[in-house]
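Dear colleague,

I am handing over the structure below, together with some notes on what was found in it. Please read the notes with the sequence and the coordinates open beside you.

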Amino acid sequence: MRIAIDAMGGDLGPRPVVMGSAQAVNADPDLELQLFGPAERLSDEIARLPRQFAAAAARLRVSDAPGVIRQAQRPSEALRHGADTSMARMLDSIATGGALAGVSAGNTGALMALARRALGTVAGIPRPAISTAIPTRDRRRCYLLDLGANVEASAARLVDFALMGEVMARHVDGLAAPRVALLNVGVEGTKGTASVREADAWLRQHPGITYLGYVEGDGVFSGAADVVVCDGFVGNAVLKASEGLARLLVERVQATFEAHWSSRLVGLLARPALRRLKGELDPVRYNGASLLGLAGIVIKSHGGADATGFRFAVQRAADEVSHDLPSRLAAELDHRRSSVDSAAVGRVESGSGHQGPILPGATGIDDSQQAQR
């Protein structure tokens, strides 16, 4: 399995990307990674890997890409002048079949714009969503989307997110009937924006998913739902706040045990439990967000991820390849839209006079609010 890597996108330069890539191929003997970036610099980083990664280094291939997209660069500029960059050439490799997936820690806006141009989307999805898994109370995980690709979202887009998230949770996590919910400011039917209420009305009519209705912010982490849907502004704020809180809790617990000699003694006894707690809460374990809706697999790593975090992002890409996620999304979304369209025609012919949302993107759901970013 070959995966393409944008080795120059991260905040920390190529070193953690190369180290994380080596860790990934060390853990998976079927994995081969194609690293895109300045060839001389990447070859030097591979040569500096610790001795235990010597065998893994043989499965790290370097492809020269002299240009680099800066974190502050505008997507429009990346589209016009980014052809020779590590990000663009990584995406071209996926588009031409040279790689089955790609991973980048680079500029999110540029990655989304370049990926849409290089790969296109499935099932008429106008704009992909960013989704990642977060830990829940029952030691499972919940997919949250969108996380910033669509700062505002119409009802049509929220419904698309719900359908895509449900397909991913069912196939990648093996859930028979993933529970889907809309994030809202309350659970009452009268709460929320017009787009959220309209998406709720459509999802309640859809027989193909297990829809729970609304959840509030605390419900994201309670384990009540497997997929939680929101617009990108809200989702990004929830994700970043949860990551900050998780780090704060781990740091405070460690500081408490180190504050006094007696607590340090207790801390020694509790070290296995503390290590387990840190492992469960550490955002690094959940690094790697899917750009759902693309006609190809692209994973966005956190820009500041260390080597371990980047390894998790590569593993996420490999998981989606093994489940052929884009093909499943295309087939199931097309089927569901056809089914709903047929049902809508039947209601019209029977004179039901139904005026509610019928099909994402149809006149029943206004798509004029789609964010152009």
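How are H7 and H8 oriented to each other: parallel, perpendicular or oblique? Before the answer, please keep in mind that this is a predicted model. Helix H7, residues 155–172, packs with helix H8, residues 194–205, at an angle of about 50 degrees, and their axes are 8 Å apart. H7 and H8 are therefore oblique to each other, since an angle counts as roughly parallel only under 35 degrees and as roughly perpendicular from 65 to 115. The crossing in which H7 passes H8 is right-handed. On the H7 side the contact is made by Ala155, Leu158, Val159, Ala162 and Leu163, which meet Ser195, Val196, Glu198, Ala199, Trp202 and Leu203 of H8. Sorted by class, the residues of this contact between H7 and H8 are nine nonpolar, one polar and one charged.

Helix H1 takes part in two packings that I would like to describe in turn. With helix H2 (residues 39–47), helix H1 (residues 14–27) crosses at roughly 55 degrees, the axes coming within 10 Å, and that makes H1 oblique to H2. H1 passes H2 in a right-handed crossing, in which Pro14, Arg15 and Val18 of H1 meet Arg41, Leu42, Glu45 and Ile46 of H2. The contact of H1 with H2 has four nonpolar and three charged residues, and no polar ones.

The other partner of H1 is helix H12, residues 307–322, where the packing angle is about 55 degrees and the axes are 7 Å apart; that makes H1 oblique to H12. Here, too, the crossing is right-handed. From H1 the contact draws on Pro16, Val17, Met19, Gly20, Ser21, Gln23 and Ala24, and from H12 on Ala307, Thr308, Phe310, Arg311 and Val314. Seven nonpolar, four polar and one charged residues make up the contact of H1 with H12.

As for internal spaces, the count comes to four cavities of 30 Å³ or more, and the largest cavity has a volume of about 60 Å³. The largest cavity is lined by Ser290, Leu291, Leu292, Gly293, Leu294, Gly296, Ile297, Val298, Glu320, Leu325, Pro326 and Leu329. The elements that give two or more residues to this lining are strand E10 (289–292), strand E11 (297–300) and helix H13 (325–349). By class, the lining of the largest cavity has eight nonpolar residues, three polar and one charged.

Helix H13 also holds Ala330, whose C-alpha atom is separated by 8.8 Å from that of Gly124, although Ala330 and Gly124 are 206 residues apart along the chain. Leaving aside residues up to four places away in sequence, Ala330 touches Val122 and Ala123. Ala123 deserves a second look in the backbone, as it has a positive phi of about 50 degrees although it is not a glycine. Ala123 is placed in the loop between helix H6 (108–119) and strand E5 (129–135).

One further backbone detail concerns Leu145 and Asp146, which are joined by a cis peptide bond with an omega of about 10 degrees. Asp146 has its place in the loop between strand E6 (141–145) and H7.

With best regards

Definitions and conventions:
Residues numbered from 1 in each chain as written. Predicted model: local features only at pLDDT ≥ 70, side-chain atom pairs only at ≥ 80, totals over all residues. Heavy atoms only, no water. 1 Å grid on protein atoms, 1.4 Å probe; cavity = no way out; pocket = protein on both sides within 12 Å on 5 of 7 lines; lining within 4 Å. Points joined across faces, edges and corners; volume = space filled by probe spheres on them. Helix = DSSP H or I, 4+ residues; strand = E, 2+ residues; numbered from the N terminus. Nonpolar A, V, L, I, M, F, W, Y, C, P; charged D, E, K, R; others polar. Axes fitted to C-alpha atoms, helices over the stretch in contact; angles between N-to-C directions. Parallel < 35°, antiparallel > 145°, perpendicular 65-115°, else oblique. Left-handed = near helix turned anticlockwise from the far one by under 90°. Contact = heavy atoms within 4.5 Å.
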